[in-house]
Structure formats: C-alpha cells, structure tokens
Amino acid sequence: MKENALILEQILKARKSTFAKDYTGEDIPEAILEKIVESAEYTPNHKRTTPWRLRVFKGEEKKQLGNVLAEIYKKITLAESFLEKKYLDIPTKFTQSGAVISIVANISGKVAEWEEIAATSMAVQNMYLTATVHNIGCYWGTPGMIHHLQDYLNLEENQKCLGFFFLGITE
C-alpha cells in the first residue's frame with residue numbers, strides 16, 4: 001500500500017467522538033482551531049454552493065450559548081419531563097469545551113436540500129479528521145433545542161442549524 005493510503009487509513013480508524021466530560025476545559029490553540037475550520041473549505045459540493053455556515057464560539061460567547069440552550073430546554077420542556085440534571089449539564093458541556101462550532105446548512109435552492117445537508121455533513125467530517133490528526137477531542141451534538149435558535153444565531157429563512165461541533169483538549 002502507498003504511504004499516503006496507510007496514513008489515511010490510520011486517521012480514519014482513529015477518528016472517534018470524544019465527549020465534553022473528557023475535555024480539560026483548556027482553550028484550543030488558535031492555529032489548530034483555524035486549521036480545523038479551514039478543512040471544511042475542501043469539501044466537495046454540487047454547483048459550488050458551499051452550503052455550510054460555521055461559527056466558532058469561544059470564551060464568554062461559548063458560555064452564553066450554553067446558558068441560552070439551557071434556558072430554551074427549560075422553556076420548551078413539560079414539567080413532568082424536565083430533568084434538573086440535564087438542565088445543569090447543558091451549560092457544562094459548553095464550558096468544558098475549548099470551542100464550539102455551530103453547524104448550519106444554507107439551503108440555496110440551486111440543488112436538492114439533501115445535497116446541501118450532505119455537503120455540510122462532509123464539511124463536519126473534514127473537521128473531525130483534522131481534529132483527529134491534531135489530537136483534539138470532538139463530537140457533533142444535535143440537541144433538540146437547535147430548532148429554537150433561528151433568532152439567536154441570526155439565521156436566514158433558508159438556513160437550518162444542524163447542531164454543534166464540540167472540541168476540546170483531552171488529557
């Protein structure tokens with residue numbers, strides 16, 4: 001097998017979801033974070049619509065996002081289904097993460113919606129693989145509250161939040 005093929009195989013086998021409970025809470029070095037986000041740019045997409053819209057949340061902005069999601073959970077959950085532990089865990093996931101990236105698909109209308117979502121998903125896979133080679137833990141979370149973030153994320157009518165990409169340094 002060619003050397004590049006072996007390297008790719010190792011990266012693919014090493015890729016996994018590592019959750020916020022295993023993060024140290026440290027900031028991710030800016031150069032690595034930039035590489036992770038930049039890797040999305042290499043994603044193929046039909047008619048070059050570049051449908052992914054990624055926004056990096058760090059520091060206080062990341063903490064605020066976690067608090068907003070917790071409050072949405074509290075607001076939309078029926079009293080008999082509400083779990084105090086879940087309510088408290090939501091912001092914790094954000095504070096334990098070194099960075100959180102919102103994953104939004106921009107549905108252009110130029111191609112089928114599923115193609116825009118598929119391309120956005122491939123962009124996330126590129127970020128997964130890039131995080132893997134830099135030994136950064138990551139996972140794609142899709143909390144139900146994402147459907148209530150249109151205003152908070154300033155999304156346009158044709159945009160859909162597909163979740164959040166949590167990143168963190170692990171020990």
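A residue counts as buried when its relative accessible area is under 20%, and as exposed when that area is over 50%. Keep that handy for these exercises on a predicted model.

**Exercise 1. Work out whether C161 and C138 are buried or exposed, and how many disulfides the structure has.**

Step 1: Take C161. Its relative accessible area is 6%, so C161 is buried.

Step 2: Now C138. With a relative accessible area of 1%, C138 is buried too.

Step 3: Recall what we're looking for. A disulfide is a covalent bond between the sulfur atoms of two cysteines.

Step 4: Searching the whole structure turns up zero disulfides. For C138, the nearest cysteine sulfur belongs to C161 and is 17 Å away. Going the other way, the nearest one to C161 is that of C138. The cut-off is 2.5 Å between the sulfur atoms, so a pair at 17 Å doesn't qualify.

**Exercise 2. Lay out the sheet: in what order do the four strands come, and which ones stand at the edges?**

Step 1: Write down the order. The open sheet runs β1-β2-β4-β3, with antiparallel pairing.

Step 2: Look at the two ends of that list. β1 (52-57) and β3 (136-141) each have a single partner strand, so one side of each has no neighbour in the sheet.

Step 3: Add the twist. On average, neighbouring strands here are turned by 20° against each other, direction ignored.

Step 4: Check the pairs at the edges. β1 pairs with β2 (residues 99-106) over six bridges, and L54 sits opposite I103 in β2. At the other end, β3 and β4 are also joined in the antiparallel sense by six bridges, with Y139 facing F166 in β4.

Step 5: See what lies against the sheet. Helix α5 (residues 113-133) packs on it and touches β1, β2, β3 and β4 (159-169). The direction of α5 makes about 160° with that of β3. As for cover, five of the six residues of β3 are buried.

**Exercise 3. Test the length of helix α4 (residues 84-96), then find what covers its buried residues.**

Step 1: Get the expected span. You multiply 1.5 Å by one less than the number of residues, so the 13 residues of α4 should span 18 Å.

Step 2: Compare with the model. The end C-alpha atoms of α4 are 19 Å apart, which agrees.

Step 3: List the buried residues. In α4 these include Y87, I90, P91 and F94.

Step 4: Find the cover. Among the elements over the buried residues of α4 are α3 (59-76), β2 and β4.

**Exercise 4. Describe the surroundings of Q159: is it buried or exposed, and which polar contacts does its side chain make?**

Step 1: Place it. Q159 belongs to strand β4.

Step 2: Apply the cut-off. Its relative accessibility is 9%, so Q159 counts as buried.

Step 3: Go through the polar contacts. The side chains of Q159 and N106 are joined by one of 3.0 Å. The Q159 side chain also reaches the backbone nitrogen of E156 at 2.9 Å.

Step 4: Fill in the neighbours. Leaving out residues up to four places away in sequence, Q159 touches R53, V104, A105, N106, Q150 and N154.

**Exercise 5. Decide whether H147 is buried or exposed, and how far it is from C161 in space.**

Step 1: Find H147 in the loop between β3 and β4.

Step 2: Its relative accessible area is 60%, so H147 is exposed.

Step 3: H147 and C161 are 14 residues apart in sequence, and their C-alpha atoms are 7.0 Å apart in space.

Note on methods: Residues numbered from 1 in each chain as written. Predicted model: local features only at pLDDT ≥ 70, side-chain atom pairs only at ≥ 80, totals over all residues. Heavy atoms only, no water. Pairing = 2+ DSSP bridges. Helix = DSSP H or I, 4+ residues; strand = E, 2+ residues; numbered from the N terminus. Axes fitted to C-alpha atoms, helices over the stretch in contact; angles between N-to-C directions. Contact = heavy atoms within 4.5 Å. Buried < 20%, exposed > 50% of the residue type's maximum accessible area, 1.4 Å probe, protein only. Polar contact = N/O pair within 3.5 Å; in protein donor to acceptor, adjacent residues only side chain to side chain.
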